[in-house]
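Please find below my notes on the model you sent. They are set out as numbered points, to be read with the structure open.

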Amino acid sequence: MKKISRFYKNISWSDSHWLLFFFLAAVFLWMLGLGNVPLRDWDEGSHAIVAREIYRQGNWLHLTYFDTPYFIKPPLVYWLIAIGYHVWGGVGEFSSRVNLAFLTACGVPLLYLLGREVFSRRLEAILSTLVYLTLLPVLRHGRLVMLDGIINTFFICLLLCLLKERKKQIWALGIGICLGLITLTKGIIVLALWAIAGVFVLLNRQWKLFVNPYAWLGLILGIAIAVPWYWLQWETHGDFFVELYFKSQSLERLSTAVEGNTGAPWYYFLELSKYSLPWLFFLPGGLFLAWKQKGKPWGNLVLVGTILFLGTISLMQTKLPWYIMPYYPFFALTVGAYLAHLWQDKRFYSRFFVGLFSIFNLVAWGGFIYFIITHHPFTLILMSGIIAVTMGLATRFLWKHDRRFIPTLFIGLYFSLALLMLSPAWLWEINEQYPVLKVAAIAKKYTPEKTIIYTSFPHHRPSLEFYSDRQILSTPPDTLQQLWEDGQYLLLDRQTFISLQLPDLAILGEAILEEDEDFVLVKNQKSKLKAIKLTFD
């Protein structure tokens with residue numbers, strides 16, 4: 001026991017060794033099973049369609065969605081996905097996700113470097129990075145065809161450059177460059193992240209930054225990275241671009257709930273409680289510690305990030321789970337600092353932690369039994385078993401005031417997350433609506449290219465459009481009747497198909513799904529197309 005404690009106390013790895021370790025651990029986890037599930041709605045399908053049009057048409061400056069100008073997001077993410085299509089052998093799930101996943105994984109070693117700058121000891125930096133490595137939301141969203149994972153990486157890099165500028169002025173170049181990359185990735189969010197960095201500079205009294213020539217040069221480079229694309233869109237599309245991008249897709253999200261995505265002010269606190277366990281248990285202690293040490297760089301940084309960013313997104317009317325992603329680096333630094341505090345001082349091993357982990361242990365064993373009874377995949381059974389054992393050991397170590405509960409949690413969570421990534425269950429949202437692959441297959445096989453298909457399904461599904469390579473528009477039943485008479489292609493669920501009682505029937509294709517959710521592709525028989533019926537077993 002004493003040898004183990006001495007080993008943990010005197011870790012001899014250098015910073016370069018830790019960097020390599022975190023890089024390899026992150027890349028392995030982020031790449032594991034990356035292409036084992038279809039793209040999901042909403043963002044993955046739509047982003048992949050835009051990138052596919054870049055890949056096919058070679059138009060890198062003007063984004064399109066089925067040949068229609070697309071202004072919802074800036075182009076950097078779509079460029080990265082399109083590059084993935086060129087490098088990884090064409091369009092697919094893995095090639096759509098891989099470049100973004102890799103860049104998100106790079107945020108893990110960067111967080112270690114950030115921790116080395118804000119903390120006086122290496123222990124806090126190591127523990128903070130391990131927390132970030134084992135946060136489920138960071139891992140999941142960073143593996144998706146979404147923008148938020150690489151935003152985290154750019155933001156961590158920005159903060160790192162900001163802190164390193166205190167020792168070497170040339171690091172200030174990276175501040176403006178990172179701001180430019182964030183602007184070219186997600187536009188207006190740069191204002192919130194810039195505000196956090198700016199307030200931290202003031203609290204940290206980095207006055208020399210304002211007269212650092214490299215800082216101004218970096219700002220010029222950042223503008224050169226981001227502004228030309230915006231200028232080109234304005235020159236090409238004029239006020240239409242300004243109205244749609246800056247107003248509808250940016251400013252209105254602050255004051256109105258876009259597409260019904262709203263929630264209470266405590267929405268993101270619920271998100272934290274659902275997906276950041278067990279590290280959430282240590283967040284209050286970390287925030288209290290940060291308040292006590294608010295004069296230190298790490299205390300200032302996590303308090304500014306927590307108050308400004310969480311406060312801003314909580315007040316926004318539009319609320320989506322991934323908006324909280326830029327908070328997780330601050331979350332990891334806060335929890336890592338408190339874990340280091342616990343590591344050094346056994347007096348703070350509260351029995352409250354024992355109770356919480358005991359409950360978590362019981363829930364994990366319940367999940368393990370449930371997965372066995374319901375014949376879930378072996379990977380999920382093994383994952384739940386590892387979580388149950390991990391929580392049991394952590395509870396035992398906490399009861400004995402043994403700091404080995406900390407490495408136990410890291411090891412158990414890492415391997416359980418790896419097993420989850422090997423299972424299709426890591427992307428559980430694809431089961432919320434009917435699976436698209438069979439439906440997309442009939443749409444693609446039995447309609448000409450560039451056909452617009454009208455469907456009775458009430459929600460737009462970009463993933464269906466991606467796999468069918470056809471634009472598929474949700475349409476009310478009364479309009480479907482008129483479109484039928486006009487000879488348009490209709491994709492109807494079985495109930496709508498029966499209720500419409502369409503004459504001159506021509507069933508082009510049929511997809512049989514589970515629970516009687518089958519779809520039929522039809523067209524007016526007067527179109528003189530040969531009726532073909534395809535049934536998927």
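The points below cover a sheet, its helices, some salt bridges, one buried contact site and a surface patch.

1. Status of the model. This is a predicted model. The values quoted below are computed from it, and local features were taken only where pLDDT is at least 70.

2. The sheet. Five strands make an open sheet in the order β4-β3-β5-β7-β6, and the pairing is mixed. The edge positions belong to β4 (471-474) and β6 (507-511); each has a single partner strand, so one side of each has no neighbour in the sheet. On average, neighbouring strands are turned by 25 degrees against each other, direction ignored.

3. Pairing around β5. On one side, β5 (residues 489-493) pairs with β3 (residues 452-455) in the parallel sense, over three bridges. Within this pairing, T455 has L491 of β5 as its bridge partner. With β7, β5 pairs in the antiparallel sense over four bridges. There, D493 has F519 of β7 as its bridge partner. The mixed pairing of the sheet can thus be followed at β5, with a parallel partner in β3 and an antiparallel partner in β7.

4. Cover of β5. Is this strand mostly covered or mostly open? It is mostly covered, as five of its five residues are buried. Y489, L491 and D493 point one way from the strand, while L490 and L492 point the other way, and all are buried. Two of these residues also appear in point 3: L491 as the bridge partner of T455, and D493 as that of F519.

5. Helices on the sheet. Helix α21 (residues 437-445) lies across β3, β4, β5, β6 and β7 (519-522), and runs at about 165 degrees to β6. Helix α23 (residues 477-485) also packs on the sheet, where it touches β3, β5 and β7. The direction of α23 makes about 140 degrees with that of β5. Strand β5 is thus touched by α23 and crossed by α21.

6. Salt bridges between distant parts of the chain. The count of salt bridges comes to 18. In one of them, the side chains of D15 and R116 meet at 3.0 Å, N to O. This pair links helix α2 (residues 15-31), which holds D15, to helix α6, which holds R116, across 101 residues. Both partners are partly exposed: D15 has a relative accessible area of 26%, and R116 is at 24%.

7. A buried pair. The side chains of D469 and R52 form a salt bridge at 3.1 Å, N to O. The two are 417 residues apart, with D469 in the loop between α22 (462-468) and β4, and R52 in helix α3 (residues 43-57). Are these partners buried or exposed? D469 is buried, with a relative accessible area of 17%, and R52 is buried as well, at 5%. The cut-off for buried is under 20%, so D469 at 17% falls within it.

8. A pair beside the sheet strands in sequence. R494 and D518 form a salt bridge in which the closest N and O atoms are 2.8 Å apart. R494 lies in helix α24 (residues 494-500) and D518 in the loop between β6 and β7, 24 residues apart. R494 counts as partly exposed at 24% relative accessibility, whereas D518 counts as buried at 9%. Elsewhere, salt bridges that share partners join E117, K164, R166 and K167 into one network.

9. V118. This residue lies in helix α6 (residues 107-118) and counts as buried, at 5% relative accessibility. Leaving aside residues up to four places away in sequence, V118 touches L163, P297, W298 and L301. V118 and P297 are 179 residues apart in sequence, but 5.3 Å apart in space, C-alpha to C-alpha.

10. A nonpolar surface patch. W216, L219, I223, V227, W231, W234, V242 and F246 form a nonpolar patch on the surface, with about 760 Å² of accessible area together. The elements giving two or more residues to the patch are α12 (213-237) and α13 (239-255). Which helix gives the most? That is α12, with six residues. L219, placed in α12, counts as partly exposed at 35% relative accessibility. Patch residues need over 30% relative accessible area, so L219 at 35% meets that limit.

Conventions:
Residues are numbered from 1 along each chain as its sequence is written. This is a predicted model: local features need pLDDT of at least 70, side-chain atom pairs count only at pLDDT 80 or more; totals for chains, interfaces and linings use all residues. Side-chain values use heavy atoms; hydrogens and water are left out. Patches are made of residues with over 30% relative accessible area and no salt bridge: like charges are joined within 9 Å, nonpolar side chains (Val, Leu, Ile, Met, Phe, Trp, Tyr) within 5 Å. Accessible areas come from the Shrake-Rupley method with a 1.4 Å probe; for residues, only the protein chains shown count as cover. A salt bridge is a side-chain nitrogen of Lys or Arg within 4 Å of a carboxyl oxygen of Asp or Glu. Buried means under 20% relative accessible area, exposed over 50%, partly exposed in between (1.4 Å probe, protein chains only). Two strands pair if DSSP finds at least two bridges between them. Axes are lines fitted to C-alpha atoms, for helices over the stretch in contact, and angles run from 0 to 180 degrees between N-to-C directions. Contact means heavy atoms within 4.5 Å.
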